[in-house]
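Pull up the model and give it a slow spin before reading on. We'll go from the whole chain down to single residues.

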Amino acid sequence: MKIHEKYILRCIQIAKNGLGSTFPNPMVGAIIVHNSTIIGEGFTSPYGGSHAEVNAINSVKDKTLLNKASLYVTLEPCSHYGKTPPCADLIVKHKIPNVIIGLTDPHEKVAGAGIKKLKNAGCNVITGILEKECREHHKRFLCFYEKKRPYIILKWAETNDGFIAPLKNKRSTNPEPFWITTKASRQLVHQWRSQEQAILVGTNTVLEDNPKLDVRNWYGKAPTRILIDRNLKIDTTKNTLDLSVKTIVITSKLDKEKQVDGVFYQLIDFDKPIAKEISNILYKHNILSVIIEGGSKTLQTFIDENLWDEARVFTGTNTFTEGTKAPAFKGNLKTTTTIKVDILKLYYND
């Protein structure tokens with residue numbers, strides 16, 4: 001393996017430590033190498049904190065080595081003031097002579113300006129190292145800035161005969177989830193929730209399942225809740241309006257008597273493509289990624305409008321014979337995994 005590729009792979013590896021905590025910033029990884037030895041590493045801190053390059057530089061014990069070292073980073077160093085000063089300025093300040101970059105930053109405030117600043121200061125800059133792997137790693141950030149929408153993940157569980165819910169007479173009279181998968185699979189879903197910025201469900205899912213949409217079976221931050229509630233049927237008896245996390249309600253009307261203080265209500269035109277309308281709302285709220293967890297109608301809407309990037313589909317061992325059919329879709333199967341007795345298939349919408 002070429003030496004630059006080896007070090008960029010390490011950057012990608014450590015960058016994953018920021019998954020779920022850096023939004024709306026990208027989860028960047030950076031390392032500093034001197035005489036073929038890594039002398040510093042860093043990844044993006046939770047939003048508002050230091051960027052990867054700053055953390056990597058700060059981790060170097062002997063700062064006198066920096067002017068003879070190389071900095072590797074998955075994404076172009078920023079060149080503008082945001083929550084923190086520009087990383088490119090810090091690199092220049094420490095006179096780091098070599099900077100090796102995986103990807104150019106598509107953010108309009110960067111977009112090559114960081115590279116230009118480094119070159120103007122005399123840095124030797126190399127770009128495009130493991131670009132494909134860096135694009136996969138930064139897929140959420142890139143989708144947001146290149147496609148002007150969040151990275152969209154579809155997720156559902158279905159029985160081995162293709163249903164995602166039984167008939168209503170088979171369910172409890174109290175709204176609660178009807179589990180198809182094992183506890184191990186459900187814990188994995190909570191891990192996924194901690195990694196994404198938002199989670200979206202439709203009205204019927206809330207009324208029939210009364211989900212919490214949190215990460216109680218995993219460590220991390222609960223995602224922003226997005227509820228499709230065209231006619232404001234969801235009330236404060238439901239877990240999704242408990243105000244424990246930021247909640248956005250997508251609706252067709254603003255009935256002040258039914259609104260809840262602390263919840264964001266966003267109007268869309270339900271006669272237009274709904275998935276596109278919702279994606280536009282999430283983009284305005286700076287949401288880089290969202291998991292669509294149901295129900296079948298909501299999932300099918302995103303599929304039919306071809307607005308999805310991944311589908312994560314569990315198949316359990318039980319059989320319903322009748323009920324709510326699982327969504328119909330076509331995707332490129334990437335992996336198949338067994339979790340206890342459940343089968344998990346990951347599809348990409350290439």
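What follows is a walk through a predicted model, from overall build to local details.

Let's start with the big picture. The chain folds into 10 helices and 16 strands. Its radius of gyration is 23 Å, close to the 20 Å that the globule rule gives for 350 residues, so the chain is as compact as a globular protein of that length. If you line the C-alpha atoms up along the principal axes, they fill a box of roughly 70 × 45 × 30 Å.

How many of the 350 residues count as buried? The figure is 53%. Turning to contacts, take those with a separation of 6 or more: 68% of them are between residues 24 or more positions apart. On the outside, the chain exposes about 16,900 Å², and carbon and sulfur atoms supply 48% of that area. As for charge, there are 49 positive and 36 negative side chains, and the centres of the two sets lie 4 Å apart.

Now look inside. The largest nonpolar core has 45 residues, and those with the most contacts within this core are I32, I57, L71 and Y72. Helices that give two or more residues to this core include helix 1 (3-15), helix 2 (52-59), helix 3 (87-93), helix 4 (113-120) and helix 6 (139-147), while strand 1 (29-34), strand 3 (70-75) and strand 4 (98-103) are the strands that do so. Helix 1 gives the largest share, 5 residues. A second, separate core has 29 residues, among them A165, I248, F302 and Y347.

Go back to I32 for a moment. Setting aside neighbours within four places in sequence, I32 is in contact with T37, I38, I39, G40, A56, I57, V60, L66, A69, S70 and L71. Two of the names on that list, I57 and L71, are also among the residues with the most contacts inside the largest core.

Next, follow F302 from the second core into helix 10. The buried residues of helix 10 (residues 296-304) are S296, T298, L299, Q300, F302 and I303. Here a bit of helix geometry helps: an α-helix has 3.6 residues a turn, so residues three or four places apart point the same way. Both ends of this stretch deserve a look. Ahead of helix 10, G295 lies in the loop that comes after strand 12 (289-294), and a cis peptide bond joins G294 and G295, with omega about 0°. After helix 10 comes N306, whose phi is positive, near 55°.

Those angles are worth a pause. Most residues other than glycine have a negative phi, and most peptide bonds are trans. Where else does a cis peptide bond join two residues? Look at F23 and P24, where omega is about 5°. P24 sits in the loop between helix 1 and strand 1, and T22 is in the loop between helix 1 and strand 1 too. Is T22 buried or exposed? At 2% relative accessibility, T22 is buried, because that value is under the 20% cut-off. Leaving out neighbours within four places in sequence, T22 touches M27, T44, S45 and Y47.

Positive phi values turn up at K95 and L232 as well. K95 is not a glycine, yet its phi is about 55°, and L232, also a residue other than glycine, has a phi near 55°. Their surroundings make a nice contrast. K95 belongs to the loop between helix 3 and strand 4 and is exposed, with a relative accessible area of 62%. L232, in the loop between strand 9 (224-228) and strand 10 (247-251), is buried, with a relative accessible area of 6%.

Two more stops remain. S194 is in helix 7 (residues 183-195) and is buried at 8% relative accessible area. What does S194 touch, not counting residues up to four places away in sequence? The list is L19, G20, V215, W218, Y219, G220 and K221. Of these, G220 is 26 residues from S194 in sequence but 5.2 Å away in space, C-alpha to C-alpha.

Finally, find N169 in the loop between strand 7 (163-166) and helix 7. N169 is exposed, because its 63% relative accessibility is over the 50% cut-off. From N169 to Q266 is 97 residues in sequence and 34 Å in space, C-alpha to C-alpha.

Conventions
Residues are numbered from 1 along each chain as its sequence is written. This is a predicted model: local features need pLDDT of at least 70, side-chain atom pairs count only at pLDDT 80 or more; totals for chains, interfaces and linings use all residues. Side-chain values use heavy atoms; hydrogens and water are left out. A nonpolar core is a set of buried Ala, Val, Leu, Ile, Met, Phe, Trp, Tyr and Cys residues joined through side-chain atoms within 4.5 Å. Buried means under 20% relative accessible area, exposed over 50%, partly exposed in between (1.4 Å probe, protein chains only). Helices (H or I, at least four residues) and strands (E, at least two) are DSSP runs, numbered from the N terminus. Contact means heavy atoms within 4.5 Å. The radius of gyration is taken over C-alpha atoms; the globule rule is 2.2 Å times the number of residues to the power 0.38. Accessible areas come from the Shrake-Rupley method with a 1.4 Å probe; for residues, only the protein chains shown count as cover. Lys and Arg count as positive and Asp and Glu as negative; His and the chain ends are not counted. The place of a charge is taken as NZ of Lys, CZ of Arg, CG of Asp or CD of Glu.
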